[in-house]
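Welcome, and please get your viewer ready. We will go stop by stop, with something to select at each one.

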Amino acid sequence: MRAVVLTTYGGPEQLVVSDLPEPAVPDPDGVLVRTAAAAVNPVDLQTRAGLHSAHGAFHPPMILGWDVAGTVTAVGDQVTGFSAGDRVVAMSAQMATGRGTYAETVALPAGIVAPAPASVPLTAAAALPLAGLTAWQALDALALPEGATLLVTGAVGSVGGLTVQLARLRGLTVVAHVRTAEDSERARALGAARVVVGEDAAVLPSGTVDGLLETAGLPRAVAAVRDGGRAVSVVPTRVPEAERGVHVTVSYVQQDGQGLAALGALVDRGDLDVRSAKELGFEEAGEAHRLLEAGGVRGKLLLLP
Ligand SMILES: NC(=O)c1ccc[n+]([C@@H]2O[C@H](COP(=O)([O-])OP(=O)(O)OC[C@H]3O[C@@H](n4cnc5c(N)ncnc54)[C@H](OP(=O)(O)O)[C@@H]3O)[C@@H](O)[C@H]2O)c1
């Protein structure tokens, strides 16, 4: 099978399409998925550059990628929920497990797989797993009551954009922080009640929101939270310092097939919009990394075998 292999830590040029042996049979509790698309996430860029090499269990040569949408081709003896031909999505914690998704066939435990939403093309569904689960789990960690006001930074990014929509569904009033006036319109379309525009967290009014979900790497955004409020960051390298009794935590996304199925159902109900920016071939994986690194991508970059 063809796969995008990271040959050594470094720049996008280290991503090379190679022919590797196809996984032959699934584990007893696993499935084989024929990839329709694998999405590109910031963690792939960080892993490629070696930023996680000190605590990662896997090193090059290896296959990158956390998100996959595709079709089940085989299931293990113990698997009851899926059969060959099913359209599915999954988030695979590549850094911890070594199971990368930039490959024609991916072998995964069935417990982290979910039905793909039927209302979007299968390739577009690859935009959902990592960003959706991150947003969902971070909102769980925030645990704000209905009616509370939530500031979302990076509000038109992958995690931020889904957070805005999911927060609205949870009855929160969303204040969105975005970079440009053009992004302001996007944030309103996603459901933000108010939008603050600017490069710097200094533009945010102090002490006005009940909670913060920080996705842009702007730790000073914590100043916008009221005394005793709550903040969750998904950017572990730039976590806000606790101040004025604000409770600050970091949320790390966890593999979760059931949670992903719930998110897919929201997509099919028309309550959650997944956005893809561009489809590229496996040969263009390096170019996809360059595009994401440059910033300004709105929607997911998808790699198709
Ligand atoms: N903890 C976890 O488990 C977990 C899971 C998923 C993601 N993450 C992390 O979360 C972060 C966001 O991920 P993502 O996939 O949502 O990335 P993304 O799609 O690139 O979104 C980040 C957003 O933040 C915006 N932004 C960055 N700096 C800004 C600034 N100074 N002012 C205004 N906006 C700014 C970006 O705008 P531009 O495009 O214009 O730069 C972009 O819209 C990444 O650091 C990622 O590694 C962590």
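How many nonpolar, polar and charged residues does the shell around the ligand have? Keep that in mind while you load the coordinates, which belong to a predicted model.

**Stop 1: the ligand and its shell.** Select the ligand and the residues around it: there are 23 of them, and the closest are Arg179, Glu199, Ser251, Val253 and Gly296. Colour the shell by class and you have the reply to the opening question: nine residues are nonpolar, 11 are polar and three are charged.

**Stop 2: backbone atoms facing the ligand.** Now show the backbone of three residues. At valine 253, a backbone N or O atom lies 2.7 Å from an oxygen atom of the ligand. Valine 234 also places a backbone N or O atom by the ligand, here 3.0 Å from a nitrogen atom. For glycine 157, the distance from a polar backbone atom to a ligand oxygen is 3.5 Å. Switch on a surface next: the ligand taken alone exposes 920 Å², and the protein buries 83% of that.

**Stop 3: helices and domains around the ligand.** Select helix H1 (42–48), helix H4 (129–142) and helix H5 (158–169); each of them supplies at least two residues of the shell. Then colour domain 1 (2–128 + 274–304) and domain 2 (131–250) separately. Why does the ligand lie between them? Both domains give residues to its shell, so the ligand lies between the two. Zoom out, and you will find the C-alpha centres of domain 1 and domain 2 28 Å apart. Where the domains touch, six residues of domain 1 are in contact with 11 residues of domain 2.

**Stop 4: leucine 213.** Centre on leucine 213, in strand S12 (residues 209–214). Is leucine 213 buried or exposed? Its relative accessible area is 0%, so leucine 213 is buried. Beyond its neighbours within four places in sequence, its contacts include Ala135, Ala138, Leu139, Leu142 and Val232. Draw a distance from leucine 213 to valine 232: their C-alpha atoms are 5.1 Å apart, although 19 residues separate them along the chain. Valine 234, which you met at the ligand, is also among the contacts of leucine 213.

**Stop 5: aspartate 183.** Finish in helix H6 (residues 181–190), where aspartate 183 is found. Aspartate 183 counts as buried because its relative accessible area is 2%, under the 20% cut-off. Show side chains here to see a polar contact of 2.7 Å between aspartate 183 and arginine 186. Leaving aside neighbours within four places in sequence, aspartate 183 is in contact with Val156, Val178 and Arg298.

Notes:
Residues numbered from 1 in each chain as written. Predicted model: local features only at pLDDT ≥ 70, side-chain atom pairs only at ≥ 80, totals over all residues. Heavy atoms only, no water. Near = heavy atom within 4 Å. Polar contact = N/O pair within 3.5 Å; in protein donor to acceptor, adjacent residues only side chain to side chain. Areas by Shrake-Rupley, 256 points an atom, 1.4 Å probe, with all protein chains shown as cover. Helix = DSSP H or I, 4+ residues; strand = E, 2+ residues; numbered from the N terminus. Nonpolar A, V, L, I, M, F, W, Y, C, P; charged D, E, K, R; others polar. Domains from an automatic or database assignment. Buried < 20%, exposed > 50% of the residue type's maximum accessible area, 1.4 Å probe, protein only. Contact = heavy atoms within 4.5 Å.
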